[in-house]
Each structure stands twice: as C-alpha cells, then as structure tokens.
Amino acid sequence: MNERYIRWYTPWLSREFEMLAFGSEFVDAGRVTVCCPDAIDLESFYNKSIHPADRMRTHNAYENVIVHDVFDLARRECGCHRVAVCGASLGAYHAGNIAFRHPDAVTLLISLSGSFDISSFFDGYHDDNIYFNSPYEYLPNVPDPWKYNHMGIIIGTGEWDNTRDESYRVSGILNSKGIKHWLDDGKWRGHDWNYWRDMLPYYLSRL
C-alpha cells in the first residue's frame, strides 16, 4: 500500500496543515486515490473555551481548507473536475455537509454511520453560520435540488448503529426533495471502525 505524508501552510487556518494520502486494493489498482486530511474538531466543535460563534467560524475555516486546498490537490493528481467525499460518524457529517454545500465540487458522497446533528456543540446558541452548516436545517429549504442530480449519495447505517435514526432523518429529507440516494441499512452492523472498514470497500465495489 502506498502511503504519503503531506504538510503545507494554509492561509485559511493561518498554520501548517497535515494530510495522509494512502489506499486499499482500489488504490493499488489505480482506481482510487484516498486523501485523509487532519481533523480540527477539538479546536472547533469541542472547544468550550471559545464562544459558540467562534467554534463555527473555526469550522468554516477548516471547510475552506478542504474545499480549496485538499480538493485542488486531489483534482490535480487525478485530473478530474469533481471529487468523492467520505466519512464515518462526525466525519460523515463533515463529508455530507461539504457535499450538500458544494455540489459543484463533489461527484460522490459516502456516509458511514453519519452523526449529522451538531446542535449540542453550541450550548443553545444559534446564528446564520450554524443554520447553513446544519443539514437538518438548510436541506429542507434548498430551492434547487436538481443541483444534486449528478451526485451519487450513499447513506450507510446498520441495525446496531446508535446514529441510525440520523441516517434515516437525512434520507427522509432527501426523499422529500426528490434527491436520489441509496440508504443502506445493513444487518449486524454497529457504530465502530470494524464495520466501517467493511462498508467502504463494499460501496466502492458497487460503483
């Protein structure tokens, strides 16, 4: 398996940022390049030492790193216009939120046991930034759902998944907007890495 460590200065966070690029049998076959950027949830959502508005502003800066720096690198390496995004649990929220907010840049979303409800991170505080980063809030009001027509959307969960209801809730919103997707509710699946490790290759094999 090929693995690369990539580090660069990003003006979006005004500091160095790190990412691993590595793969699986799909990468070894030249079909997929996987980029795993660092997470900063401890500096944003989980950072109780700053105001909730600043937590979301930090999150938005992180999103800019992904959409501009990471996506640009992925497009250059793969020679493609759009990229695929994937995540597990809160990572699935990040992947989904970016896909729903930037459909022009994303061709595929894979959510593994997504934890999409971010309301608990803001101690009752709410503003426009939080609204436009909360899929449960902004997706029902999307005026142009056709902009997702090109996107493959896979929402994976399982009978033992403790965020199963959140996947179903997102699926219900997508259905109400006529946005095509695949809600895969598998048996004998829970909310942990051993299940996600099997789910992702399975979804990639179906593409």
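**Exercise 1. In which sense, and over how many bridges, do strand β5 and strand β6 pair?**

The model is predicted: local features need pLDDT of at least 70, side-chain atom pairs count only at pLDDT 80 or more, and totals for chains, interfaces and linings use all residues. Residues are numbered from 1 along each chain as its sequence is written, and side-chain values use heavy atoms, with hydrogens and water left out.

Step 1. Fix the elements: helices (H or I, at least four residues) and strands (E, at least two) are DSSP runs, numbered from the N terminus. Strand β5 covers residues 106-112 and strand β6 residues 152-160.

Step 2. Apply the pairing criterion, which asks that DSSP find at least two bridges between two strands. β5 and β6 are joined by five bridges in the parallel sense.

Step 3. Locate individual positions. Ser111 has Ile155 of β6 as its bridge partner, and Leu112 stands opposite Gly156 in β6.

**Exercise 2. Place β5 and β6 in their sheet, and identify the edge strands.**

Step 1. The sheet is open and has four strands in the order β4-β5-β6-β7, with parallel pairing.

Step 2. β4 (83-88) and β7 (182-190) each have a single partner strand and therefore stand at the edges, with one side of each lacking a neighbour in the sheet.

Step 3. The average turn between neighbouring strands of this sheet is 15 degrees, direction ignored. Here axes are lines fitted to C-alpha atoms, for helices over the stretch in contact, and angles run from 0 to 180 degrees between N-to-C directions.

Step 4. Helix α6 (residues 164-176) packs on the sheet and touches β6 and β7, where contact means heavy atoms within 4.5 Å. The direction of α6 makes about 145 degrees with that of β6.

Step 5. At the β7 side, β6 and β7 pair in the parallel sense over six bridges; Thr157 stands opposite Asp185 in β7.

**Exercise 3. Describe the length and burial of helix α3.**

Step 1. The expected span is 1.5 Å times one less than the number of residues. For the twelve residues of α3 (residues 90-101) this should be 16 Å, and the end C-alpha atoms are 16 Å apart, which agrees.

Step 2. Buried means under 20% relative accessible area, exposed over 50%, and partly exposed in between (1.4 Å probe, protein chains only). Ten of the twelve residues of α3 are buried, among them Tyr93, His94, Asn97 and Ala99.

Step 3. These buried residues pack against α2 (52-78), β4, β5, α5 (135-138), β6 and α6.

Step 4. On the β4 side, consider Val85, a residue of that strand. Because its relative accessibility is 10%, Val85 counts as buried. Its contacts, not counting residues up to four places away in sequence, include Ala95 and Ala99. Val85 and Ala99 lie 14 residues apart in sequence and 7.3 Å apart in space, C-alpha to C-alpha.

**Exercise 4. Characterise the packing of α2 with α3.**

Step 1. The two helices pack at an angle of about 70 degrees, with their axes 11 Å apart.

Step 2. Angles under 35 degrees count as roughly parallel, over 145 as roughly antiparallel, 65 to 115 as roughly perpendicular and the rest as oblique. α2 and α3 are therefore roughly perpendicular.

Step 3. The contact involves residues of α2 including His59, Ile66 and Phe71, and residues of α3 including Tyr93, His94 and Asn97.

Step 4. His59 of helix α2 counts as buried because its relative accessibility is 3%. Beyond its neighbours within four places in sequence, His59 is in contact with Ser44, Phe45, Tyr93, His94, Asn97 and Asn133.
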